[in-house]
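Morning, everyone. Please bring the model up on your screens, and we will walk through it together.

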Amino acid sequence: VITVGATNDSDQITSFSSRGPTSDGRVKPDVCFPGFGIIAARAEGTSMGTPIDARYTSASGTSMATPHASGVAALLLQAHPGVAPAEVKLRLMETAINLGLDPNTQGKGRGDAMAAHQYVPVAPPPPPPDLS
């Protein structure tokens with residue numbers, strides 16, 4: 001699970017963005033993505049958000065930020081076949097742009113698709129030699 005907060009065009013956290021901590025003290029969100037004034041496809045005859053025309057609407061919310069996170073996750077899985085879900089989350093969080101805010105407001109920061117793609121996880125150090 002990757003929890004997602006929302007930013008605006010100026011990389012500010014939106015007022016409606018999810019914030020932590022969770023009831024058991026965990027930091028949330030994990031990472032933020034754009035979620036303000038997002039232009040998205042809509043089914044004809046529906047009125048979610050502010051309809052722009054018969055096929056598009058403008059909407060705001062973490063529900064608009066989440067597709068950005070999902071899209072980056074899909075790109076990572078395509079570029080790095082076999083990567084575990086935990087590594088996808090690690091890549092998103094370790095490469096996020098720190099917005100200088102409290103972790104329970106921004107998580108690790110705003111996601112950066114290219115940096116997540118180029119991230120090379122640091123291998124854990126080898127165990128010490130057995131001298132017995």
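One cut-off before we start: buried means under 20% relative accessible area, exposed means over 50%, and partly exposed lies in between. Keep in mind that this is a predicted model.

Start with strand 5. Its side chains alternate. T57 and A59 point to one face, and they are buried. Y56 and S58 point to the other face, and they are not buried.

Now the sheet around strand 5. How many strands form it, and in what order? There are 3 strands, in the order 3-5-4. The sheet is open, and the pairing is antiparallel. Strand 3 and strand 4 stand at the edges. Each has a single partner strand, so one side of each is left without a neighbour in the sheet.

Take the two pairings in turn. Strand 3 covers residues 38-41, and 4 bridges join it to strand 5. A41 stands opposite Y56 there. On the other side, strand 4 and strand 5 pair over 2 bridges. T50 stands opposite S58. A hairpin of 4 residues joins strand 4 to strand 5.

Look at that connection. I52 sits in the loop between strand 4, residues 50-51, and strand 5, residues 56-59. Is I52 buried or partly exposed? At 48% relative accessibility, I52 counts as partly exposed. I52 also belongs to a nonpolar surface patch, together with I39 and Y56. That patch is about 300 Å².

Next, the interior. In soluble globular proteins, nonpolar side chains tend to be buried together. Here, the largest nonpolar core has 14 residues. Those touching the most other members are V4, F33, A65, V72, L76, V88 and L92. Which elements give two or more residues to this core? They are strand 1 (4-7), strand 2 (31-34), helix 1 (62-79) and helix 2 (85-94). Helix 1 supplies the largest share, 5 residues.

Pick out V72. Leaving aside residues up to four places away in sequence, V72 touches F33, L92 and A113.

Over to helix 2. V88, R91, L92 and M93 are buried in this helix. What covers them includes strand 2, helix 1 and helix 4, residues 113-118.

R91 brings us to charges. The structure holds 5 salt bridges. In one of them, the side chains of E87 and R91 meet at 2.9 Å, N to O. Both residues lie in helix 2, 4 residues apart, which is about one turn of the helix. R91 counts as buried because its relative accessibility is 5%. E87, at 25%, counts as partly exposed.

Last stop: a network of salt bridges linking K28, D30 and K89. K28 meets D30 at 3.1 Å, N to O. D30 also forms a salt bridge with K89, with the closest N and O atoms 3.4 Å apart. Why does the pair of D30 and K89 tie together parts that are 59 residues apart in sequence? Because D30 lies in the loop between strand 1 and strand 2, whereas K89 lies in helix 2.

How covered are these three? D30 is buried, with a relative accessible area of 4%. K28 also counts as buried, at 14% relative accessibility. K89 is partly exposed, with a relative accessible area of 22%.

That is the tour. Questions, please.

How values were computed. Residues numbered from 1 in each chain as written. Predicted model: local features only at pLDDT ≥ 70, side-chain atom pairs only at ≥ 80, totals over all residues. Heavy atoms only, no water. Patch = residues over 30% accessible without salt bridge, like charges linked within 9 Å, V, L, I, M, F, W, Y side chains within 5 Å. Areas by Shrake-Rupley, 256 points an atom, 1.4 Å probe, with all protein chains shown as cover. Salt bridge = Lys/Arg side-chain N within 4 Å of Asp/Glu carboxyl O. Buried < 20%, exposed > 50% of the residue type's maximum accessible area, 1.4 Å probe, protein only. Pairing = 2+ DSSP bridges. Core = buried A, V, L, I, M, F, W, Y, C linked by side-chain atoms within 4.5 Å. Contact = heavy atoms within 4.5 Å.
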